[in-house]
2 protein chains.
Amino acid sequence: MKIGELSKRTGVSIRMLRYYEAEGLLKPGRTESGYRDYDMAEVRTVERIKLLGAGGMTLPTILQFLACVRGEGPIFEPCDELRVTLRQQIRLVEEKTEKLAQNHNVLTSFLAEIGEG
Amino acid sequence: MKIGELSKRTGVSIRMLRYYEAEGLLKPGRTESGYRDYDMAEVRTVERIKLLGAGGMTLPTILQFLACVRGEGPIFEPCDELRVTLRQQIRLVEEKTEKLAQNHNVLTSFLAEIGEG
DNA sequence: TTAAGGTCTGACAGCGCTGTCAGAGTCAAG
DNA sequence: CTTGACTCTGACAGCGCTGTCAGACCTTAA
């Protein structure tokens, strides 16, 4: 599949799909004429990246996870190192969730003070 | 109180305190010699800004809320317009929370797959 | 063949946020 | 008075992400 189609399927802009590639997150094949040629499975990958990114995870960080999760070859060692990162990230997500909850409270309080209108 | 103290009390860098001011979120008085002079109440304000910001809210957006919440004068009209923004922001926060939750799932699944180690 | 639309690369720019540096003035304690 | 810590302004730069533009090539359908 070409980049335009992947973009439509995932809702991620063409610009960003190329950026993901530049950051090493995607490695599409190329047609003879140089067009990127994506495998269907990449739709899931992109959605996963999107999700992780929405959680405030940085692309290089996501890259670490992809390398492990994809299970390319006998890579068990790197995963050891990833457990730490993983736990840190989970912790981060939890902190962010916490802050969002407080945020939600602040906002709804404001709304209440102003009057539900 | 001078900027350094406010910075220490809130954990917000001096740089950022000045930035908040540039964005209209803080309006400290000035000593004769031009030093910023903050009122004690600003500690709360800064913490509020920090919290809202941690939720991904942009400074100009926070500014809108502060103007209303501070209740400076008989400003009821602007609040009418703010209700919409407020609801949008709450919606945004909820969406982010949702994504973070999914994110958390993805991460903990990864960790489980790798092995709790 | 021609025209329209997709794609390529590379560069530039902007967003919001943050740090840092330079050069100057201020303040408090010795 | 001198020194060291603090503050001022203004500018520059970086982060990660995103859009856009230019100039060229490819593909498809009329």
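Select Arg30(B) together with DNA strand D: an N or O atom in the side chain of Arg30(B) sits 3.1 Å from a phosphate oxygen of the strand. Keep in mind as you look around that this is a predicted model.

**Around DNA strand D**

Stay with strand D and add Arg18(B). One of the polar side-chain atoms of Arg18(B) is 2.6 Å from a phosphate oxygen of DNA strand D. Now add Gly4(B), where a backbone N or O atom is 2.7 Å from a phosphate oxygen of DNA strand D. Which elements give two or more residues to the surface near this strand? They are α2 (14-22) of chain A, plus α1 (3-10) and α2 (14-22) of chain B. Colour α2(A) in your viewer, since with three residues α2(A) gives the most to the surface near DNA strand D.

Next, widen the selection to the 18 residues around DNA strand D. Those that come nearest are Ser13(A), Met16(A), Gly4(B), Arg18(B) and Arg36(B). On the DNA side, 75% of the strand D atoms within 4 Å of the protein belong to sugar and phosphate. Colour the protein side by class and you will find eight nonpolar, five polar and five charged residues in the surface near DNA strand D.

**A stop at Arg36(B)**

Select Arg36(B), which lies in strand β2 (residues 36-37) of chain B. Is Arg36(B) buried or exposed? Arg36(B) counts as buried because its relative accessibility is 18%, and the cut-off for buried is under 20%. Show the side chain of Glu21(B) too: the side chains of Arg36(B) and Glu21(B) make a polar contact at 2.7 Å. Leaving aside neighbours within four places in sequence, Arg36(B) also has contacts with Met1(B), Lys2(B), Ile3(B), Arg18(B), Pro28(B), Gly29(B) and Arg30(B). Arg18(B) and Arg30(B) should look familiar from the start of the tour.

**Over to DNA strand C**

Now select DNA strand C, which is surrounded by 18 residues. The closest are Arg18(A), Tyr35(A), Arg36(A), Met16(B) and Ser33(B). Of the strand C atoms within 4 Å of the protein, 69% are sugar and phosphate.

Try these three residues in turn:

- Arg18(A) has a side-chain N or O atom 2.7 Å from a phosphate oxygen of DNA strand C.
- Arg15(B) has a polar side-chain atom 3.2 Å from a base nitrogen of DNA strand C.
- Leu59(B) has a backbone N or O atom 3.4 Å from a phosphate oxygen of DNA strand C.

To see where this surface comes from, highlight α1 (3-10) and α2 of chain A together with α2 of chain B, the elements that give two or more residues to the surface near DNA strand C. Here α2(B) gives the most, with three residues. By class, the surface near DNA strand C divides into eight nonpolar, five polar and five charged residues.

**Into the core**

Hide the DNA for a moment and select Leu17(A), Tyr20(A), Leu17(B) and Tyr20(B). Within the largest nonpolar core, which has 54 residues, these four have the most contacts. In soluble globular proteins, nonpolar side chains tend to be buried together. What does Leu17(A) touch beyond residues up to four places away in sequence? The answer is Ile3(A), Leu6(A), Ser7(A), Val12(A), Leu26(A), Tyr38(A) and Val46(A).

**Along chain A**

Show chain A as a cartoon and follow the sequence through the pattern α-α-β-β-α-α-α, which comes to five helices and two strands. Of the 117 residues in this chain, 37% count as buried.

Pause at helix α3 (residues 42-54) of chain A, whose 13 residues reach 18 Å from first C-alpha to last. Among the buried residues of α3(A) are Val43(A), Val46(A), Ile49(A) and Leu52(A). After α3(A) comes Gly56(A), with a positive phi near 85°.

**Last stop: Thr97(A)**

Finally, select Thr97(A) in helix α5 (residues 77-114) of chain A. Thr97(A) is partly exposed, at 26% relative accessible area. The side chain of Thr97(A) reaches the backbone oxygen of Val93(A) at 2.8 Å. Turn on chain B as well, and you can see that Thr97(A) touches Thr97(B) and Leu100(B). Then pick Gly55(A): the C-alpha atoms of Thr97(A) and Gly55(A) are 9.5 Å apart in space, although the two residues are 42 apart in sequence.

Terms used
Residues are numbered from 1 along each chain as its sequence is written. Chains are lettered from A and ligands numbered from 1 in the order in which they are written. This is a predicted model: local features need pLDDT of at least 70, side-chain atom pairs count only at pLDDT 80 or more; totals for chains, interfaces and linings use all residues. Side-chain values use heavy atoms; hydrogens and water are left out. A residue is near a molecule or strand if one of its heavy atoms lies within 4 Å of it. A polar contact is a pair of N or O atoms within 3.5 Å; within protein, one must be able to donate a hydrogen and the other to accept it, and residues adjacent in sequence count only if both atoms are side-chain atoms. Helices (H or I, at least four residues) and strands (E, at least two) are DSSP runs, numbered from the N terminus. Ala, Val, Leu, Ile, Met, Phe, Trp, Tyr, Cys and Pro count as nonpolar, Asp, Glu, Lys and Arg as charged, and the others, Gly among them, as polar. A nonpolar core is a set of buried Ala, Val, Leu, Ile, Met, Phe, Trp, Tyr and Cys residues joined through side-chain atoms within 4.5 Å. Buried means under 20% relative accessible area, exposed over 50%, partly exposed in between (1.4 Å probe, protein chains only). Contact means heavy atoms within 4.5 Å. The expected span of a helix is 1.5 Å times one less than its number of residues.
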